[in-house]
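Here is a short briefing on one structure. Look it over first, then read on.

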Number of protein chains: 2
Amino acid sequence: MSQTPPPPLHLTAGRHTRPERTEGDLQHCLLCDRSRGGLCNGIDRDGLEALAHSSRRLILPPGSTMVEEGQSAESFFNITRGTVKLFKSLPDGRRQITGFADPGQFLGLSRSGLYAFGAETVDTVHACRFQRPQFEALLNDQPDLKRNLLAAVTDKLAEAQEQMLLLGRKTAREKVASFLLGRAQAEQTMLGDTPPDPTPVAPVPMTRVDIADYLGLTIETVSRTISALRREKLIASTENHSIRILLPEALRQIATGQTAI
Amino acid sequence: MSQTPPPPLHLTAGRHTRPERTEGDLQHCLLCDRSRGGLCNGIDRDGLEALAHSSRRLILPPGSTMVEEGQSAESFFNITRGTVKLFKSLPDGRRQITGFADPGQFLGLSRSGLYAFGAETVDTVHACRFQRPQFEALLNDQPDLKRNLLAAVTDKLAEAQEQMLLLGRKTAREKVASFLLGRAQAEQTMLGDTPPDPTPVAPVPMTRVDIADYLGLTIETVSRTISALRREKLIASTENHSIRILLPEALRQIATGQTAI
DNA sequence: CGTAGAGTTGATGTAATTCAAAAAATGTGG
DNA sequence: CCACATTTTTTGAATTACATCAACTCTACG
């Protein structure tokens, strides 16, 4: 059909925690039909062109602030590479990470016009930014986009409910097991239809601080718990910030509180 | 324009925790423009007729199951009176209440086709039920409805994020203070544009078990904490399952962790 | 007025935090 | 490429906020 795509134009410094992957020949910026949360499923070529036109590609180094809690919600983002953490904070600095946005996911919706959360890149992140008014216009023009967005937000809400169960009712061990399985699941989802790995890998580009703030624990408890799981040979650390899940079923039992120890 | 509306047709047993209020003369079942989450803001008369036509009024006694986790998501509900609790459970019975749905709010969205949560009435609840296919048709026919629903879900997501901060990072005292303020806020939102009460009332129709499962605490801790706040004259119990907030500003300070004690 | 369910209060236990320090990992400049 | 500085992670000991266990009180309702 066409030649090999040209190499990516923009490159920034910073370690890449995930192997490089070349994009397809379509030059718009959304990783569309690749993930279950894909916002442009079923949108026609013209629609995609319109989307590409009103968005701008961004490449952000690790630790960049994308959104600040309480600020005017001017932008809507779609993540195409890397991981973003979303969080809320208390005045004294205590912080709760409410979720991680991986490729194919969005962030930046707001009801009030102000962001209700902060967002920061975990590693090097590629994203598309839409300006709010233009994005709202797109939503009105493209009923499918609105539909997909509604589905995606519904999904996020279900995830949030699951996380509330974790935060309110699970033990440290159950929390960590759930987290690792969730990361492995996210990786699986991102890769698409590949055969299920008997010992899946959970990408963990975030620090212990981030994990602790996500699970409502301290870094020490996270560290101790991961060490214990490793000692018990349920997981094994691999290179470049990943953890291999050696016994997924056992870990699942732990994550759902179905184990005595 | 018209006479006094006829008295309500259906009545069920069970204490009413909120004074009776007669509906307007429009006979559809959604409490529309009354609350910020109103699903039919801006929908024209014809649209409202269509909505009314594809929904059915329900009156449910306290403790009724509306939705069961894992079951096929056949219905979508809009609450018009009373309070519903939404929750997720672990196999061993531990439970996390992820939210309370008050009048004007919806429940029953699902991405997967299965409910990701359970829902049970706290007190006597009036609701409108839509069958799923019909509701989806309505969504497609009424772009405003889809828009309102997207806004409402976005709101729910922000609420969920706030609750994650509470569950993961707040102390028992901060949790209870936040809960009471949230209930008072919900009441204020439901009442509409009334002058702000200097000592607002938080309706608490739910039991200590429910509060504990909402805050990720035990009933004993909830009880002790409420007693402490009462002893300190920050709150006062009133009749019929309500708590009056005597010092809202002080409680807000506690809720956001800005107090030493 | 008696009983059952809900709520409160007290005594004790413990999972996770806090405080502290060593060990690894990561980055930096010669 | 290797010493050195800095940050991150791990491990250990002591503390604590909340849970658990247990008993008592209140309220609603026949």
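Which element gives the most to the surface near DNA strand C? H6(B) does, with five residues. This is a predicted model: local features need pLDDT of at least 70, side-chain atom pairs count only at pLDDT 80 or more, and totals for chains, interfaces and linings use all residues. Residues are numbered from 1 along each chain as its sequence is written, chains are lettered from A and ligands numbered from 1 in the order in which they are written, and side-chain values use heavy atoms, with hydrogens and water left out.

**DNA strand C**

- 16 residues surround DNA strand C, where near means that a heavy atom of the residue lies within 4 Å of the strand.
- The closest are A:Thr221, B:Arg208, B:Ser223, B:Arg224 and B:Ser227.
- Sugar or phosphate holds 61% of the strand C atoms within 4 Å of the protein, and bases hold the rest.
- Polar contacts are pairs of N or O atoms within 3.5 Å; within protein, one must be able to donate a hydrogen and the other to accept it, and residues adjacent in sequence count only if both atoms are side-chain atoms.
- B:Ser227 has a polar side-chain atom 2.6 Å from a phosphate oxygen of DNA strand C, and for B:Ser223 the distance to a phosphate oxygen is 2.8 Å.
- A:Arg224 reaches a base instead: an N or O atom in its side chain is 2.9 Å from a base oxygen of DNA strand C.
- Helix H6 (219-231) of chain A and helix H6 (219-231) of chain B are the elements that give two or more residues to this surface.
- Helices (H or I, at least four residues) and strands (E, at least two) are DSSP runs, numbered from the N terminus.

**DNA strand D**

- 15 residues surround DNA strand D, and the closest include A:Arg208, A:Ser223 and B:Thr221.
- H6(A) gives the most to the surface near DNA strand D, with five residues.
- Of the strand D atoms within 4 Å of the protein, 64% belong to sugar or phosphate.
- An N or O atom in the side chain of B:Thr221 is 2.5 Å from a phosphate oxygen of DNA strand D.
- B:Ala172 uses a polar backbone atom, 2.8 Å from a phosphate oxygen of DNA strand D.

**Where the chains meet**

- Contact means heavy atoms within 4.5 Å.
- Chain A and chain B each bring 49 residues to their contact.
- The two chains bury about 4,200 Å² between them, 63% of it on carbon and sulfur atoms.
- Buried area is the accessible area (1.4 Å probe) that two parts lose on being put together, summed over both.

**Inside the protein**

- Chain A has seven helices and eleven strands.
- Of its 261 residues, 52% count as buried.
- Buried means under 20% relative accessible area, exposed over 50%, partly exposed in between (1.4 Å probe, protein chains only).
- The largest nonpolar core has 102 residues, and A:Leu180 is among those that touch the most other members.
- A nonpolar core is a set of buried Ala, Val, Leu, Ile, Met, Phe, Trp, Tyr and Cys residues joined through side-chain atoms within 4.5 Å.
- Not counting residues up to four places away in sequence, A:Leu180 touches residues including A:Ala202, A:Leu229 and A:Ile245.

**A loop in chain B**

- B:Gly63 sits in the loop between strand S1 (55-60) and strand S2 (65-67) of chain B.
- B:Gly63 counts as partly exposed because its relative accessibility is 43%.
- The C-alpha atoms of B:Gly63 and B:Val122 are separated by 5.8 Å, though the two are 59 residues apart along the chain.
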